[in-house]
Amino acid sequence: MKFERKERVIIVGCGRLGGRLATMLSDKGYQVVIIDNDENSFKKLPEGFGGIQIKADGIDLETLKYVDIDDAAMLVACTGNDNMNSLIAQIASRIFGVPNVYVRFEDTDKEKLINGFNIQGIYPFKLTMGIFEEMLSNEDEED
Amino acid sequence: MRIVVAGGRTQADFLIGDLIKKKHRIIVINDDPAYCDYLSSVHKIPVYQGDPSKYFVLEEAGVKDFDVLVALTHRDADNLAICQYAKRCFGVKKVVCTVANPKNADLFKELGVNTVISSTHMIAQYISQATTVENFIKTMSVEDEKVIITEILVEPQYACVDKKLMDITLPSNTIIGCIIRKSSDMIVPTGSTEIKSGDKLLVLSSPENQKKVMAAIAN
């Protein structure tokens, strides 16, 4: 990875992906801040989690300023809502200039909202389809 | 003009009625099937049922090259997505939305929405104006608060009473645009117009100058 250790990473949304990612990055030595508006979602984090948990609204500008978004090295927007993820990613990249911004979208059309910005989209749909496409192309080769 | 009204309930209903009266061509998109039925039966216009923050819904509704899109859903993030799709993908000329969180007003403008309406912000602004200076009967801002129109009722003890306009020193960028007088409806004043007690003055100025305007007229 291109980030230096000890750099700060903000993860918005502590679902399965956000929670695991936060744990992994924290174990690797990054300073992790994870934001979710539901206290219960932090139960997904392991007991010795070394990052900071913040119960707040991740699309609120004040929350993001509070966690010093302007000097974060990376932000990952992975709440359960595509439009919120799009907004959070755009705040991070377009307003605060966070250098590495990742956003998860269920709906692949949401790519059109971030095209041309310094934001990297992650699409579970495309990843899944990729597996099947690969499987089918392997079958073709065997025929 | 061709206008898309996306989402919303009572505000959408009211806005649609108003726009139809003004002979605009309207398309309505709403994700609530029951409300769609209601809107189409009341207003006799096509209503598309679907989530307007989805690309294919906007595409099917045919919003391409419309003049204006208004996004009125109760979620700020949805409104931004609707406006950004409309502008970036469908060439809609002007996009307008409401926000629940007043802090999002400036943010959304920065992210490309032409006009952002925050009712909380407007109410707060109105209340603070109403309470600071009681003589200002009404204040209205236009052009994103760059210009304000202040309505001032002239009390008998005011310094400006029976003075000609040319003899009153007003702050820069300020003009008394209109005088409303009981005896003669309304007057567009010239330099030689005299201000009378009981007149209502409509003053155009910058918001910073509002207090100075009051001082110039009262003292």
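Okay, one definition before anything else: when I say nonpolar core, I mean a set of buried Ala, Val, Leu, Ile, Met, Phe, Trp, Tyr and Cys residues joined through C-beta atoms within 7 Å. Keep that in your head, and keep in mind too that this is a predicted model.

So, with that definition, what does the largest nonpolar core look like here? It has 73 residues, and the ones with the most contacts inside it are I11(A), L75(A), V5(B) and L69(B). The helix α4(B) gives the largest share of this core, seven residues. Let me zoom in on L69(B). Leaving aside its neighbours within four places in sequence, L69(B) is in contact with V4(B), A6(B), V63(B), C83(B), A86(B), V92(B) and V95(B). There's also a second, separate core of ten residues, and that one includes V154(B), I179(B), I195(B) and I217(B).

Right, chain A. Five helices and six strands, and if you read along the sequence you get β-α-β-β-α-β-α-β-α-β-α. The C-alpha atoms of chain A fill a box of roughly 60 × 35 × 30 Å along the principal axes. Of the 143 residues in chain A, 37% are buried. And for the contact-order people: take the contacts in chain A between residues at least 6 apart in sequence, and 49% of them join residues at least 24 apart.

Now the sheet in chain A. It's an open one, six strands with parallel pairing, in the order β3-β2-β1-β4-β5-β6. Why is one side of β3 and of β6 in chain A left without a neighbour in the sheet? Because β3 (52-55) and β6 (120-122) of chain A stand at the edges, each with a single partner strand. On average, neighbouring strands of this sheet are turned by 15 degrees against each other, direction ignored.

Let's look at one pairing in there. Strand β4 (residues 74-77) of chain A runs parallel to β5 (residues 100-104) of chain A, and four bridges join them. Remember L75(A) from the core list? Its bridge partner in β5(A) is V101(A).

Then there are the helices packing on that sheet. Helix α1 (residues 16-27) of chain A touches β1 (8-12), β2 (31-36), β4 and β5 of chain A, and its direction makes about 165 degrees with that of β2(A). Helix α3 (residues 82-95) of chain A touches β1, β4 and β5 of chain A, at about 175 degrees to β5(A).

Over to chain B. The domain assignment splits it into domain 1 (2-122) and domain 2 (133-218). How many Å separate the centres of those two domains of chain B? Taken over C-alpha atoms, it's 38 Å.

Chain B has an open six-stranded sheet with parallel pairing, in the order β3-β2-β1-β4-β5-β6. The edge strands there are β3 (47-49) and β6 (115-117) of chain B, each pairing on one side only. The twist averages 15 degrees from one strand to the next. Strand β2 (residues 25-30) of chain B pairs with β3(B) in the parallel sense, over three bridges, and V28(B) stands opposite V47(B) in β3(B). Packed on the sheet you'll find helix α2 (residues 33-43) of chain B, touching β2 and β3 of chain B, with its direction at about 175 degrees to that of β3(B).

Our friend α4(B), residues 76-90, lies across β1 (2-6), β4 (68-71) and β5 (94-98) of chain B, running at about 175 degrees to β5(B).

And α4(B) turns up again where the chains meet. The contact takes 17 residues from chain B and 16 residues from chain A. On the chain B side, α3 (55-61), α4 and α5 (104-110) each supply at least two residues, and the largest share, eight residues, comes from α4(B). By class, that side of chain B has nine nonpolar, three polar and five charged residues.

Last stop, I176(B), which sits in strand β9 (residues 175-181) of chain B. Is it buried or exposed? It's buried, because 23 other C-beta atoms lie within 10 Å and the cut-off for buried is 20 or more. Leaving aside its neighbours within four places in sequence, I176(B) is in contact with L165(B), P189(B), L201(B) and V203(B). For a sense of distance, I176(B) and S118(B) are 58 residues apart along the chain, and their C-alpha atoms are separated by 29 Å.

Definitions and conventions
Residues are numbered from 1 along each chain as its sequence is written. Chains are lettered from A and ligands numbered from 1 in the order in which they are written. This is a predicted model: local features need pLDDT of at least 70, side-chain atom pairs count only at pLDDT 80 or more; totals for chains, interfaces and linings use all residues. Two strands pair if DSSP finds at least two bridges between them. Axes are lines fitted to C-alpha atoms, for helices over the stretch in contact, and angles run from 0 to 180 degrees between N-to-C directions. Two residues are in contact if their C-beta atoms, placed from the backbone, lie within 7 Å. Ala, Val, Leu, Ile, Met, Phe, Trp, Tyr, Cys and Pro count as nonpolar, Asp, Glu, Lys and Arg as charged, and the others, Gly among them, as polar. A residue is buried if 20 or more other C-beta atoms lie within 10 Å of its own, exposed if 12 or fewer, and partly exposed in between; C-beta atoms are placed from the backbone. Domain bounds come from an automatic or database domain assignment.
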